[in-house]
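Here are my notes for anyone opening this one cold. Have a look at the model first, then go through the points in order.

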Amino acid sequence: MVTTTETGAEPVAPAGQATKTAEPLPNREVVLDLHRRMVRIRQFETEAGRLMEGGRLPGFLHLYVGQEAVAAGAMSNLRDDDQISSTHRGHGHAVAKGAQFRQMFAELFGRVDGYCKGRGGSMHINDLSIGMLGANGIVGGGIPIAVGAAFAAKYRGEDSVAIPFFGDGASNIGAFHEAANMAGILELPVVFVCENNGYAEFTALRDHMKLENVADRAVAYGMPSEICDGMDAIEVRAAVGRAVDRARAGGGPSLVEAKTYRYYDHQGVKGLRKTYRTQEEVEAWKERDAIKLLEARAVAEGVVTEAEFAQIWAEVDADIAESVAFAENSPYPDTADIALNVYSV
């Protein structure tokens with residue numbers, strides 16, 4: 001097993017303080033791509049949270065704000081035929097994989113133009129055309145789905161790769177261990193990506209795991225693992241890229257653990273509980289905001305200008321405004337079609 005030195009710290013402390021990593025800055029096109037993916041996630045989730053708190057969206061949302069570097073960095077290595085499975089905090093994965101704002105907002109509003117025709121809601125957005133197998137409200141439920149996709153790819157002789165995203169809490173679920181064991185035995189082209197944000201809902205990692213690193217569990221299944229700074233999109237891209245290349249070449253599964261942090265509570269913006277972590281902890285992690293770090297480094301190294309980054313923010317904001325209007329004007333599903341796309345076996 002090959003395990004890198006941990007770049008993160010305790011679950012309640014920011015992962016490092018350096019503004020540069022050992023990974024070299026990629027070329028301009030890659031930097032702009034990573035930045036756009038992260039800004040799209042940040043602004044989608046910010047607007048979705050505002051709409052939910054304002055009572056304009058039904059139900060509740062689990063927001064991905066703060067963890068953008070993981071989805072953006074991982075997905076920058078993938079093709080449309082590479083498949084991913086997601087979690088209840090899945091908007092970021094969908095956006096980074098290429099999902100469109102119009103259909104995503106329409107789904108959150110419960111309208112027929114949504115990805116699931118208004119029937120799935122926040123936790124079940126999928127788009128098979130871009131390899132998004134769907135989010136999952138069951139903790140750890142998406143892990144065996146991605147392993148199944150990897151099995152199918154190997155069986156058909158394809159070189160596509162599957163990535164299940166999951167949190168630190170999900171690594172305690174039986175589905176993770178069964179899927180990891182199967183992937184190891186069959187040498188499947190799957191990259192397990194654990195987004196360790198330090199908390200399983202409201203429970204700190206130190207209170208639900210004896211180990212400090214989820215990556216240490218990979219050795220039990222005969223696969224290599226790597227720990228990366230989940231607040232650094234460049235580092236995530238490099239770590240996941242190595243695992244993807246290995247899987248695509250027939251080298252079997254790997255586990256990448258990204259030490260990251262969610263800025264908001266377990267659900268929503270205002271949240272349900274305020275006592276399990278301090279505001280000082282939250283602010284300390286925000287000092288290493290992934291988008292700000294990438295912008296600062298790229299500008300300092302003369303790869304991208306501040307004006308170019310500002311243009312991306314403006315373009316994304318305009319896309320969101322148009323997409324929200326589109327979604328709110330989309331019709332609700334017709335009750336006469338209640339049995340449409342419903343199957344029994």
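1. A patch to start with. Helix α6 gives the most to a nonpolar surface patch, with three residues. The patch is formed by F151, Y155, M182, I185 and L186, which together have about 540 Å² of accessible area. Both α5 (143–156) and α6 (174–186) supply at least two residues each. For the terms: patches take residues with over 30% relative accessible area and no salt bridge, joining like charges within 9 Å and nonpolar side chains (Val, Leu, Ile, Met, Phe, Trp, Tyr) within 5 Å. Y155, found in α5, counts as exposed because its relative accessibility is 69%.

2. What you are looking at. This is a predicted model, where local features need pLDDT of at least 70 and side-chain atom pairs count only at pLDDT 80 or more, while totals for chains, interfaces and linings use all residues. Residues are numbered from 1 along each chain as its sequence is written, and side-chain values use heavy atoms, with hydrogens and water left out.

3. Overall build. The protein comes to 11 helices and seven strands (DSSP runs numbered from the N terminus: H or I of at least four residues for helices, E of at least two for strands). Its radius of gyration is 19 Å, which agrees with the value near 20 Å for a compact globule of 345 residues; that is taken over C-alpha atoms, and the rule is 2.2 Å times the number of residues to the power 0.38. Accessible surface adds up to about 14500 Å², with 54% of that belonging to carbon and sulfur atoms (Shrake-Rupley method, 1.4 Å probe; for residues, only the protein chains shown count as cover). Buried residues make up 55% of the 345, where buried means under 20% relative accessible area, exposed over 50%, and partly exposed in between (1.4 Å probe, protein chains only).

4. A helix tucked inside. Why is helix α4 largely enclosed by the rest of the structure? Six of the eight residues in 101–108 are buried, so the rest of the structure largely encloses α4. The buried ones are F101, M104, F105, A106, E107 and L108. Their cover includes α1 (28–53), α3 (91–97) and α11 (306–329). Just after α4, G110 takes a positive phi of about 75°.

5. Salt bridges. There are 19 in the structure, each being a side-chain nitrogen of Lys or Arg within 4 Å of a carboxyl oxygen of Asp or Glu. One of them joins R56 and E328 at 2.8 Å, N to O. That pair links distant parts of the chain, 272 residues apart: R56 is in the loop between α1 and α2 (68–75), E328 in α11. Another joins D229 and R288, with the closest N and O atoms 2.9 Å apart. D229 is in strand β6 (225–229) and R288 in the loop between α9 (279–286) and α10 (290–300), so this pair ties together parts 59 residues apart in sequence. D229 is buried at 4% relative accessibility, and R288 is also buried at 4%. Finally, E23, E226 and R242 are linked in a network.

6. Cysteines. How many disulfides turn up in a search of the whole structure? Zero, with a disulfide taken as a pair of cysteine sulfur atoms within 2.5 Å. For C194, the nearest cysteine sulfur is that of C228, 10 Å away. C194 counts as buried, at 0% relative accessibility.

Notes: Contact = heavy atoms within 4.5 Å.
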